Amino acid sequence: MSIEPLRQFFSARVYAVVGASQDPTKYGNKVLKWYLSHGLPATGINPREVVIYGVQSLSSVSALLNQSGAESISVSVITPPRISEKLLSEINGLGEKVNGIWFQPGSFDDATLEAARDGLNVIAGGRCVLVEGEDGLRAAAKL
């Protein structure tokens with residue numbers, strides 16, 4: 001598997017975890033915790049805007065970009081495929097500010113991937129940040 005998509009993904013300034021959860025048994029919680037434990041500026045995206053690990057989540061990826069003022073963002077997605085596909089219209093509207101989108105296992109279907117691959121750096125197909133994230137951080141010289 002190519003390391004280049006990981007390098008590009010981890011060259012972002014800010015990270016969003018769509019589907020972040022307060023429940024430590026859910027992957028939306030584990031993935032956000034992974035980013036924070038690696039010292040990365042990550043924010044959960046959750047429509048209820050809850051606080052997770054002391055970080056206020058936001059309702060959208062756009063809100064995170066507006067709040068942080070970052071020129072680049074990468075997005076980890078841990079939502080059901082129908083929600084993930086709806087997310088793409090927001091992400092596609094952000095243009096070149098999006099370094100990549102990482103669909104965690106179970107968060108996509110064929111239609112979602114087809115829509116995402118139109119102009120985005122996409123990581124999917126069973127690849128998980130909890131498994132390959134450190135390889136990506138090394139490739140982007142962040143570890």
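## Overall fold and two buried residues

From the N terminus on, the elements of the protein chain follow the order α-β-α-β-β-β-α-β-α-β-α-β-α. The model is a predicted one. Its secondary structure comes to six helices and seven strands.

The overall dimensions come next. Along its principal axes, the C-alpha trace of the protein chain spans about 35 × 35 × 30 Å. A compact globule of 143 residues would have a radius of gyration near 15 Å, and the 13 Å of the protein chain agrees with that. Of the contacts in the protein chain with a separation of 6 or more, 66% are accounted for by residues 24 or more positions apart.

The next point is what lies inside and what lies at the surface. Buried residues make up 49% of the 143 residues in the protein chain. The accessible surface comes to about 6900 Å², and carbon and sulfur atoms hold 50% of that area. As for charge, the protein chain has 13 positive and 14 negative charges, and the mean positions of these two sets are 6 Å apart.

Two residues show the interior in detail. Ser 84 is placed in helix H4, which covers residues 81-92. Its relative accessible area is 0%; buried means under 20%, so Ser 84 counts as buried. Leaving aside neighbours within four places in sequence, Ser 84 is in contact with Val 77, Thr 79, Phe 103, Ser 107 and Thr 112. With one of these residues, Ser 107, there is a short distance to report: a polar atom of the Ser 84 side chain lies 2.6 Å from the backbone oxygen of Ser 107. Ser 84 can also be placed relative to Ala 116: the two are 32 residues apart in sequence, and their C-alpha atoms are 9.6 Å apart in space.

Thr 112, one of the contacts of Ser 84, belongs to helix H5, residues 110-116. The relative accessible area of Thr 112 is 0%, and therefore this residue is buried. Not counting residues up to four places away in sequence, Thr 112 touches Pro 81, Ser 84, Glu 85, Leu 88 and Phe 103. Phe 103 is thus in contact with Ser 84 and with Thr 112. The side chain of Thr 112 also makes a polar contact, at 2.7 Å, with the side chain of Asp 109.

Taken together, Ser 84 in helix H4 and Thr 112 in helix H5 are in contact with each other, and each has a relative accessible area of 0%.

Technical notes: Residues are numbered from 1 along each chain as its sequence is written. This is a predicted model: local features need pLDDT of at least 70, side-chain atom pairs count only at pLDDT 80 or more; totals for chains, interfaces and linings use all residues. Side-chain values use heavy atoms; hydrogens and water are left out. Helices (H or I, at least four residues) and strands (E, at least two) are DSSP runs, numbered from the N terminus. The radius of gyration is taken over C-alpha atoms; the globule rule is 2.2 Å times the number of residues to the power 0.38. Buried means under 20% relative accessible area, exposed over 50%, partly exposed in between (1.4 Å probe, protein chains only). Contact means heavy atoms within 4.5 Å. Accessible areas come from the Shrake-Rupley method with a 1.4 Å probe; for residues, only the protein chains shown count as cover. Lys and Arg count as positive and Asp and Glu as negative; His and the chain ends are not counted. The place of a charge is taken as NZ of Lys, CZ of Arg, CG of Asp or CD of Glu. A polar contact is a pair of N or O atoms within 3.5 Å; within protein, one must be able to donate a hydrogen and the other to accept it, and residues adjacent in sequence count only if both atoms are side-chain atoms.
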